[in-house]
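Here are my notes on this one, written as numbered points. Have a look at the structure first, then read on.

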Amino acid sequence: MLGTRGDIEIFKVDFRLFDEVVVKLREVGLDPRDSCGNSVRNPIPCASQFCPYAHINAEALSTFIGDYFRYRSEYEQPSLPHRIKISISACERACAVPVAQDIGIVAKPNGKFDIYLGGGIGEHAFSARLAFTDVDAEDLLPICVGVAEVLRRSGERRGFKWVVRLRGLDKVREEVLAIAREVKPKLPKPPDLTPRFIKSRIVKIPYPTGWVTADELVKLANVADRYGFGYVLLFNNQSVYIPIREEVDRIEELSNYEVRDPGPMYPEGPITVACLGNELCPPGLIDTTGLGRKIHVHLSKLNEPIRVGISGCTHDCGMSWIADIGLEPFGSKTRVLITMGGSPTALGFVIGTVDPGDAELAVQVLLDMYRRSGVRGVRDFVVKVGVDAIRSELTRLVPSFRPPDKDINIVFGPD
């Protein structure tokens with residue numbers, strides 16, 4: 001399965017072969033360390049080498065930060081009480097979604113960086129807040145270490161966003177800076193972050209809900225060798241991107257693909273992103289794959305850059321809160337929360353809840369409203385039409401729809 005953090009997840013590995021599988025992955029440079037659990041997760045960069053807007057080489061910075069934390073036991077379970085997620089955006093378009101990260105790093109035209117702290121989606125959705133501005137590159141890793149240390153020393157099992165919530169941003173900022181100043185002389189210096197733009201075209205192969213066969217991945221690898229540079233790109237939208245040489249116009253081995261020019265990879269669409277759901281994930285409450293494939297039929301008819309994010313539980317691995325239309329279930333008597341207008345820099349507006357069986361119908365109603373409005377951009381649509389009007393239409397057409405009430409406050413953050 002193509003994940004939502006630029007990863008591939010391999011399921012149903014025979015436990016007796018597990019160590020052998022991990023060794024084979026490491027032999028080709030794919031180390032699964034710090035891909036899950038309570039650790040400083042591997043940072044996710046935007047695809048800066050194939051974007052002319054990039055101010056920095058986000059991949060190089062991501063590798064630098066990730067390599068520092070990997071295999072450091074003090075920043076892994078049990079020393080670290082909760083995971084820390086980091087993203088790196090090479091320009092202000094913020095394709096790597098800093099609003100939903102514990103640490104969101106955004107490059108600026110002046111060669112410096114803004115850093116957002118305390119974001120987190122899922123149960124209690126918090127918007128990351130601008131904590132540091134005009135940061136030098138050599139101070140990025142010290143600040144990341146400072147955040148990890150503040151969380152580690154706090155023992156807060158609900159995560160860094162709660163440390164920011166309980167102590168306040170100003171206090172946390174002071175604590176992070178104090179640690180950053182102390183550790184900076186001992187830390188490695190960042191590599192050259194000069195943007196490295198590779199002239200190419202990009203082949204995009206979408207996989208709605210993320211599932212892909214091993215044979216298909218082998219075919220894509222062969223395409224990358226024959227037409228491109230020998231590798232593919234993964235990002236946060238369950239699509240595979242293959243950089244190809246500029247003179248290539250047609251890919252004989254593929255049928256469902258799009259050739260596009262280099263540039264930002266968010267927003268894109270139509271895209272339907274889904275987590276595992278109840279098929280393979282123990283906390284999963286709904287069939288995200290089945291629901292996602294049904295919704296994608298409606299979404300594809302619009303052929304607009306709209307992203308639907310579907311999660312199977314309140315961990316929100318489907319990134320519903322930053323999607324144009326988000327679906328996230330909760331509660332012992334499962335309901336599905338609907339949000340609209342999420343983006344890399346803003347969480348979605350809360351619309352209300354429906355029974356799981358009405359989720360497809362609710363999305364169809366929302367897409368029909370959007371199409372009739374003539375507004376372009378889902379967030380602009382919500383602002384112009386208004387949340388109340390959207391709720392009224394859902395109340396009229398979706399039998400189980402209910403506007404927000406006290407029973408769904410568990411998924412609300414301070415925003």
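Where is the place of A178? Helix α5, residues 169-183, is where A178 sits; the full answer is picked up in point 4, after some groundwork.

1. Ground rules. This is a predicted model, where local features need pLDDT of at least 70 and side-chain atom pairs count only at pLDDT 80 or more, while totals for chains, interfaces and linings use all residues. Residues are numbered from 1 along each chain as its sequence is written, and side-chain values use heavy atoms, with hydrogens and water left out.

2. Overall build. The protein chain has 10 helices and 14 strands; these are DSSP runs numbered from the N terminus, with helices being H or I of at least four residues and strands E of at least two. Its radius of gyration is 21 Å, which agrees with the value near 22 Å for a compact globule of 415 residues (taken over C-alpha atoms; the globule rule is 2.2 Å times the number of residues to the power 0.38). Along the principal axes, the C-alpha atoms of the protein chain fill a box of roughly 60 × 55 × 50 Å.

3. Packing, surface and charge. Of the 415 residues, 53% count as buried (buried is under 20% relative accessible area, exposed over 50%, partly exposed in between, with a 1.4 Å probe and protein chains only). Take the contacts (heavy atoms within 4.5 Å) between residues at least 6 apart in sequence: 64% of them join residues at least 24 apart. The accessible surface of the protein chain is about 18600 Å², and 51% of that belongs to carbon and sulfur atoms (Shrake-Rupley method with a 1.4 Å probe; for residues, only the protein chains shown count as cover). As for charge, there are 52 positive and 54 negative side chains, with the centres of the two sets 3 Å apart. Lys and Arg count as positive and Asp and Glu as negative, leaving out His and the chain ends; each charge is placed at NZ of Lys, CZ of Arg, CG of Asp or CD of Glu.

4. Back to A178. Besides its place in helix α5, A178 is partly exposed, with a relative accessible area of 42%. If you want a distance to check, A178 and A47 are 131 residues apart in sequence and 32 Å apart in space, C-alpha to C-alpha.

5. D102, a buried acid. D102 is in the loop between β2 (86-89) and β3 (103-107), and its relative accessible area is 2%, so D102 counts as buried. What does the side chain of D102 make a polar contact with? The partner is the side chain of R83, at 2.8 Å (a polar contact is a pair of N or O atoms within 3.5 Å; within protein, one must be able to donate a hydrogen and the other to accept it, and residues adjacent in sequence count only if both atoms are side-chain atoms). Leaving aside residues up to four places away in sequence, D102 touches R83, I84, K85, Y116, L117, G118, G119, F160 and K161.

6. K112, on the other side of β3. K112 belongs to the loop between β3 and β4 (113-117) and is partly exposed at 27% relative accessibility. Its side chain makes a polar contact with the side chain of D136 at 2.4 Å. Not counting residues up to four places away in sequence, K112 touches V106, A107, D134, V135 and D136. The C-alpha atoms of K112 and N222 are 39 Å apart, with their positions 110 residues apart along the chain.

7. The loop between α2 and β2. Here the backbone deserves a look. E76 is found in the loop between α2 (58-69) and β2 and is buried at 10% relative accessibility. Among the residues that E76 touches are R33, D34 and Y71. Y71 is in that loop too, is partly exposed at 43%, and has a phi near 70 degrees, a positive value in a residue other than glycine. P78 also lies in this loop, and the peptide bond joining Q77 and P78 is cis, with omega about 10 degrees.

8. Two further backbone points. The G269 to P270 peptide bond is cis, with omega near 0 degrees; P270 lies in the loop between β9 (258-260) and β10 (271-274). M319, in the loop between β11 (307-310) and β12 (325-330), has a positive phi of about 55 degrees although it is not a glycine. Is M319 buried or exposed? M319 is buried, with a relative accessible area of 8%.
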